[in-house]
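Let's take a friendly walk through this model together. Have the chain open in your viewer, and we will go from stop to stop.

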Amino acid sequence: MTPRVAASIGDRLLDRALATAVARAGAPGRIRFTERQLYYEMCRVLRPSHAVPRRLPLTPAPPVRYERFEEALRRHGTVPGLLAPAPALASAPAPASDHASREPTAPSAPDLYDYGLPRLLICQSRQVARMLLANDVHLEAACPVFAADDLPLDPRLVTGLGRVDGATVHVLHDASVDGIALTGRVRDAVPGVRVSSMGLVPRHATALHLISPRGPAQVLAQGPGPLTLPAALGPRERDWLADGRFAEVESVSPARLLRTVLRLVRGPRTPGHSVWTGLRELRTAGFMTWPTNRPGDTRTQGDQPATRNPVQG
């Protein structure tokens, strides 16, 4: 087999894998997804490690280079649901001191920042934040979504968080040294507000069998510092990070990512309301109170004393 024939066969294999990945990434319900999410979906088609039982820890390396994926993507053409890349920043982000010294711009509605804010989500990746916004997570969860490079937050947002008891800032980050350290940065940016890490951490990556590239070895900080890791990380997780391994949030399938973010941000759901519970509640629902006569009471239903409607007061 000549090299040209082998390359042609390899290209056809990647093209088929990409077509399958496109169908999977947008299912169900025409989900919008990023280019890297599509890349990792293609990796799962070529190496379906997600089908391995979760009790077996596994973080496989990518089966195909990103450059080969980009070539296949150019051959494929238009992909429904694929988000355009985020526009590059015109300049480097301003230092925190510059952000703090700037006067906030006036909102279009004067009372926009006069209300309490119970929850807020900060994503390490701007592309992940754009993907969540494109799929209306901020509307379904009633939660503003920002990227980490938006820090520090507008002081009016921090004030709104302080008006609600138990307000929480959720942090969605990669399973990497920098990603795990992001939670501490956010905690410093919103003093007095509860900050909750939504993940990822290495144990999530191994349980979900996420594709895990390898970078240069990391020197983990032992004392206080910008890259100090939380004590909750186990020895195996620290070794995994020190070895240069990392797993991006975009390696989680788009549908699973949306379900998980909505579940964690919205919190536990209240029990469902069935028809039978509704009928039982009618017995004590004001003017719809069920007529009950005491033994020996000869009054008819129309003679019953008026029952006060708690809704009407």
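In which loop is the place of Pro28? Pro28 sits in the loop between H1 and helix H2, the latter covering residues 35–46. Please keep in mind throughout that this is a predicted model. Pro28 makes a good starting point, for the peptide bond leading from Ala27 to Pro28 is cis, with omega near -5 degrees. A second cis bond to look up joins Gly199 to Leu200, and here omega is near 15 degrees. Leu200 belongs to the loop between strand S4 (194–199) and H9.

Next, let's turn to charged side chains. Side chains of opposite charge can pair when their charged atoms come close. Searching the whole structure gives 12 salt bridges. One of them joins Asp11 to Arg68, with 3.1 Å between the closest N and O atoms. Asp11 lies in helix H1 (residues 3–25) and Arg68 in helix H3 (residues 66–76), so this salt bridge ties together parts that are 57 residues apart in sequence. Both partners are partly exposed: the relative accessible area of Asp11 is 23%, and Arg68 has a relative accessibility of 25%.

Stay with these two helices for another pair. Arg75 forms a salt bridge with Asp15, and their closest N and O atoms are 2.9 Å apart. Since Arg75 lies in helix H3 and Asp15 in helix H1, this pair ties together parts that are 60 residues apart in sequence. Arg75 counts as partly exposed at 38% relative accessibility, and Asp15 counts as partly exposed at 29%. Now put the two pairs into one picture: Asp11, Asp15, Arg68, Glu71 and Arg75 are linked in a network of salt bridges.

For one more salt bridge, move along the chain to Asp243, which pairs with Arg214 at 2.4 Å between the closest N and O atoms. This pair links distant parts of the chain, 29 residues apart: Asp243 is in the loop between helix H10 (235–242) and helix H11 (254–266), while Arg214 is in the loop between helix H9 (202–208) and H10. Asp243 is partly exposed, with a relative accessible area of 40%.

Now for the aromatic rings. A pair of aromatic rings is described by the distance of the centres and the angle of the planes. The structure holds 4 aromatic pairs. Among them is the pair of Tyr66 and Phe69, whose centres are 5.3 Å apart and whose planes make an angle of 55 degrees, so the pair is tilted, as the angle is neither under 30 degrees nor over 60. Tyr66 and Phe69 are 3 residues apart in helix H3, so about one helical turn separates them. Are these two residues buried or exposed? Tyr66 is buried, and Phe69 is too. Both belong to one aromatic cluster, formed by Tyr39, Tyr40, Tyr66 and Phe69.

Our last stop is the backbone again. Asp136 has a phi near 65 degrees, a positive value in a residue other than glycine. Look for Asp136 in the loop between helix H5 (126–134) and helix H6 (137–140); at 36% relative accessibility, Asp136 counts as partly exposed. Ala142 also has a positive phi, near 50 degrees, and is likewise a residue other than glycine. Ala142 lies in the loop between H6 and strand S2 (145–147), and counts as partly exposed at 47% relative accessibility.

Technical notes: Residues are numbered from 1 along each chain as its sequence is written. This is a predicted model: local features need pLDDT of at least 70, side-chain atom pairs count only at pLDDT 80 or more; totals for chains, interfaces and linings use all residues. Side-chain values use heavy atoms; hydrogens and water are left out. A salt bridge is a side-chain nitrogen of Lys or Arg within 4 Å of a carboxyl oxygen of Asp or Glu. Helices (H or I, at least four residues) and strands (E, at least two) are DSSP runs, numbered from the N terminus. Buried means under 20% relative accessible area, exposed over 50%, partly exposed in between (1.4 Å probe, protein chains only). Rings of Phe, Tyr and Trp (its six-membered ring) pair if their centres lie within 6.5 Å; planes under 30 degrees apart count as stacked, over 60 as edge-to-face and the rest as tilted.
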